[in-house]
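Open the model in your viewer and colour the chain by secondary structure. The stops below can be selected in order.

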Amino acid sequence: SDAGNTEKQWSLADFEIGRPLGKGKFGRVYLAREAKSKYIVALKVIFKEQIEKYKIHHQLRREMEIQTSLRHPNILRLFGWFHDNERIFLILEYAHGGELYGVLKQNGHLTEQQAATYIASLSQALAYCHGKCVIHRDIKPENLLLDHEGRLKIADFGWSVQSSNKRKTMCGTLDYLAPEMVENRDHDYAVDNWTLGILCYEFLYGNPPFEAESQKDTFKRILKIDLSFPLTPNVSEEAKNLISQLLVKDPSKRLSIEKIMQHPWIVKNADPKGVCASIDI
Ligand SMILES: CC(C)n1nc(-c2ccc(NC(=O)/C=C/C(=O)c3ccc(F)c(C(F)(F)F)c3)cc2)c2c(N)ncnc21
């Protein structure tokens, strides 16, 4: 390491490796402990020949720079990274509660308090990212983890991670694409606002609003904003009102992050500490 660099140079010898947490597209994720401090982390192993094949060194380096600079309670920390001849290791915050997607599938859908708390946490994390000119943190349920207190953590895998109980259609799913992305027009921050509407609907009903048999039909439903609210489970009018103000075709007409935070449904239902006591980890 260059003398001026204050960052600690990590190596595998600094860690005791525990059980595998899941397997990613480019390698596995392990529970690990920093030997001196006994601090628990998640260690992601990426095989170099895997990414050489895909020529994504620059993307990985850029992503690492972005992720190490992001400090927010709802964004999973990347503490650092190191490499040996054939592997790259990411030293990540350990999310004890695992995937939010697992909780969603287990319970079928979330309560309005849980859903509002997570939408508020996501909005705060997105406001922080947009403030740092970082957009599209890929906020789909598969990228959302929970810490030991049930606090939401956006874990941007930078790539689709095939972990255990992931939806099979996950890697190809279009459910979260905003109209301007489906039509391949240039997209900006408002894409994330659209995705918050999709997620809010999915948290409350258990599946995304424009789900369809084929990708083509999902495309058509997104472009038509073919939105309907099932009669069960029973969802409040305020929640439907928020969703309807986010799933709007014209990006400039979508509710802003600030307005989301002030929406009556969020104010009434979100837990200000961002922790959902009722979520059983
Ligand atoms: C299995 C379970 C559910 N699991 N998984 C995690 C976990 C959390 C975050 C990550 N992060 C990344 O992978 C980041 C990858 C990149 O930024 C990247 C960017 C560009 C690239 F080209 C690439 C490349 F891979 F393509 F090269 C990567 C990974 C695993 C986890 C955790 N932290 N705690 C508890 N359980 C956990």
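**Charged pairs, then the core**

Start at Glu149, which is partly exposed at 39% relative accessibility. This is a predicted model. Add Arg151 to the selection: Glu149 and Arg151 form a salt bridge, with 2.9 Å between the closest N and O atoms.

Next, select helix α7, residues 215–224. The side chains of Asp217 and Lys220 meet here in a salt bridge, 3.7 Å from N to O. The two residues are 3 apart in the helix, so about one helical turn separates them. Asp217 is partly exposed, at 27% relative accessible area, and Lys220 is also partly exposed, at 49%.

Now show Arg221 and Asp226, whose side chains form a salt bridge of 2.8 Å, N to O. Asp226 has 28% relative accessibility and counts as partly exposed. For a network, select Glu16, Arg33 and Lys38, which are joined by salt bridges that share partners. The whole structure holds 15 salt bridges.

Turn to the interior. Select Leu122 and Phe203: in the largest nonpolar core, of 48 residues, these two touch the most other members. Helices α3 (100–107), α4 (112–131) and α6 (190–205) are among the elements that each supply at least two residues of this core. Strands β7 (144–146) and β8 (152–154) do so as well. Around Phe203, display its contacts, including Leu100, Leu104, His109, Tyr118 and Leu144. Another core, of 16 residues, lies apart from the largest one; Phe26, Ile46, Leu90 and Leu145 are among its members.

Finally, zoom out to the whole chain, which has 10 helices and 8 strands. Of its 281 residues, 49% are buried.

Methods: Residues numbered from 1 in each chain as written. Predicted model: local features only at pLDDT ≥ 70, side-chain atom pairs only at ≥ 80, totals over all residues. Heavy atoms only, no water. Helix = DSSP H or I, 4+ residues; strand = E, 2+ residues; numbered from the N terminus. Buried < 20%, exposed > 50% of the residue type's maximum accessible area, 1.4 Å probe, protein only. Core = buried A, V, L, I, M, F, W, Y, C linked by side-chain atoms within 4.5 Å. Contact = heavy atoms within 4.5 Å. Salt bridge = Lys/Arg side-chain N within 4 Å of Asp/Glu carboxyl O. Lists of a residue's contacts leave out its neighbours within four places in sequence.
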